[in-house]
Amino acid sequence: MSERIDPNKVPKRRLYTGEEIPALGIGTFGSDKYGPEEVSQAVYGAVKGGYRLIDGAAVYQNEDRIGEMLQKLYVEGVVTRKELFITSKVWNDSHRQVEASCRKSLADLKTDYIDLYFVHWPFPNYHAPGCDGDSRNPDSKPFSVEEFMDTWRQCEELVDKGLVRYIGMSNMTIPKLEAVLPLCRIQPAALELECHPSFQQQELFDYAVSHHMQPIGYCPLGSPSRPERDRTPEDVADTQLPEIVEIARAHGVHPVLICLKWAVQRGQIPIPFSVKEPQYLSNLRCITEDPLTEEEMARIAGADKNCRLVKGQVFLWPGASDWQDLWDLDGTITK
Ligand SMILES: NC(=O)c1ccc[n+]([C@@H]2O[C@H](COP(=O)([O-])OP(=O)(O)OC[C@H]3O[C@@H](n4cnc5c(N)ncnc54)[C@H](OP(=O)(O)O)[C@@H]3O)[C@@H](O)[C@H]2O)c1
């Protein structure tokens, strides 16, 4: 086994309660390319290697295998449940049965509680795992504050019942947050959002921080293995941005590691995915050594291309014009 990274050396982020959690975690979405076996093996190796935060979701269809690997890690004495920070997410087809979905994730993960439970998307719009980009569900609807709050109330009840410790939102926009935050009884602890050098979402990032939501950045490496439905010819590869390539050369490391150093130093929690041990270990190690300079951070801040990769077009409702409708670009909730 390769060198382990001491979890105490991994930088931490503070949630609104004051609790500290790791500043980087491992993603578990196999992008329709890596199956549950490979992903769960990676989680096993990652925890052995020093990871303590695992980003999961029911729709990734691998929580049962990950649960088995977690059991193995406890039995082998590698880690205790309390030392881990495990997230899961309710999928769009379960917004009216959140507790049932959460209980399924709990059973699959073989745990009594989930640390942070997200509403994965703010729409109840379902698409089958593995579908193509043109696939549409005729029952899809635009965002509704009432329906979202009904889902959020169910999440709040999970906290009341002790099934989850924190709740969070994902794939939100400022107009949607403006509408729902005043109605929340329990503060969302985190906002999961797409975040990488070519798509920094500075305004949404700042909004989350100022509302005490920890940003968790998905696709932190620009998701080079993302499904076909999330690819367009205009997409920019973060690892080919001249700023990233030159800084990587100066540090003598792979460009993805510059994306991760930048993410952690900026303040989001990146959740890079990899099933390859040298990759996932170097992803964690890189944030414990050789930080970027202020000048390098400023250079990367200037490299934003507003290049959203996960456009979400499969969630569009009848009558919507295009994927931009999901993201409220004119500053109001698109109906
Ligand atoms: N909330 C949401 O709606 C949402 C949406 C998307 C993702 N997520 C979460 O975010 C996580 C990360 O996003 P992602 O998996 O799409 O993309 P990502 O982490 O940006 O990219 C993952 C890919 O990068 C490559 N890679 C990883 N480490 C590397 C290294 N050290 N050197 C070179 N290449 C490396 C691997 O490609 P190869 O496979 O080619 O080796 C890997 O498959 C997901 O797993 C999931 O947990 C959440």
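In this predicted model, the shell of residues around the ligand comprises 11 nonpolar, 14 polar and four charged residues. This briefing describes that shell, then helix 1, then the sheet.

**The ligand shell**
- Of the 29 residues around the ligand, those that come nearest are Gly27, Tyr218, Leu221, Ser223 and Phe273.
- Helix 9, formed by residues 277–285, supplies three residues, the largest share of the shell.

**Helix 1**
- Helix 1 covers residues 36–49 and has 14 residues.
- Its end C-alpha atoms are 19 Å apart, which agrees with the span of 20 Å expected at 1.5 Å a residue.
- The buried residues of helix 1 are Val39, Ser40, Ala42, Val43, Gly45, Ala46, Val47 and Gly49.
- An α-helix has 3.6 residues a turn, so residues three or four places apart point the same way.
- The cover over the buried residues of helix 1 includes two strands, strand 3 (26–27) and strand 4 (53–55), and two helices, helix 2 (63–75) and helix 9.
- Gly50, just after helix 1, has a positive phi of about 120°.

**The sheet**
- Eight strands form an open sheet in the order 3-4-5-6-7-8-9-10, and their pairing is parallel.
- Strand 3 and strand 10 (269–270) are the edge strands, as each pairs on one side only.
- Strands of a sheet pair through backbone hydrogen bonds, either parallel or antiparallel.
- Strand 8 (residues 190–194) and strand 9 (residues 214–218) run parallel and are joined by five bridges.
- Leu191 stands opposite Pro215, a residue of strand 9.

Conventions. Residues numbered from 1 in each chain as written. Predicted model: local features only at pLDDT ≥ 70, side-chain atom pairs only at ≥ 80, totals over all residues. Near = placed C-beta within 6 Å. Helix = DSSP H or I, 4+ residues; strand = E, 2+ residues; numbered from the N terminus. Nonpolar A, V, L, I, M, F, W, Y, C, P; charged D, E, K, R; others polar. Expected span 1.5 Å × (residues − 1). Buried ≥ 20, exposed ≤ 12 C-beta atoms within 10 Å, placed from the backbone. Contact = placed C-beta atoms within 7 Å. Pairing = 2+ DSSP bridges.
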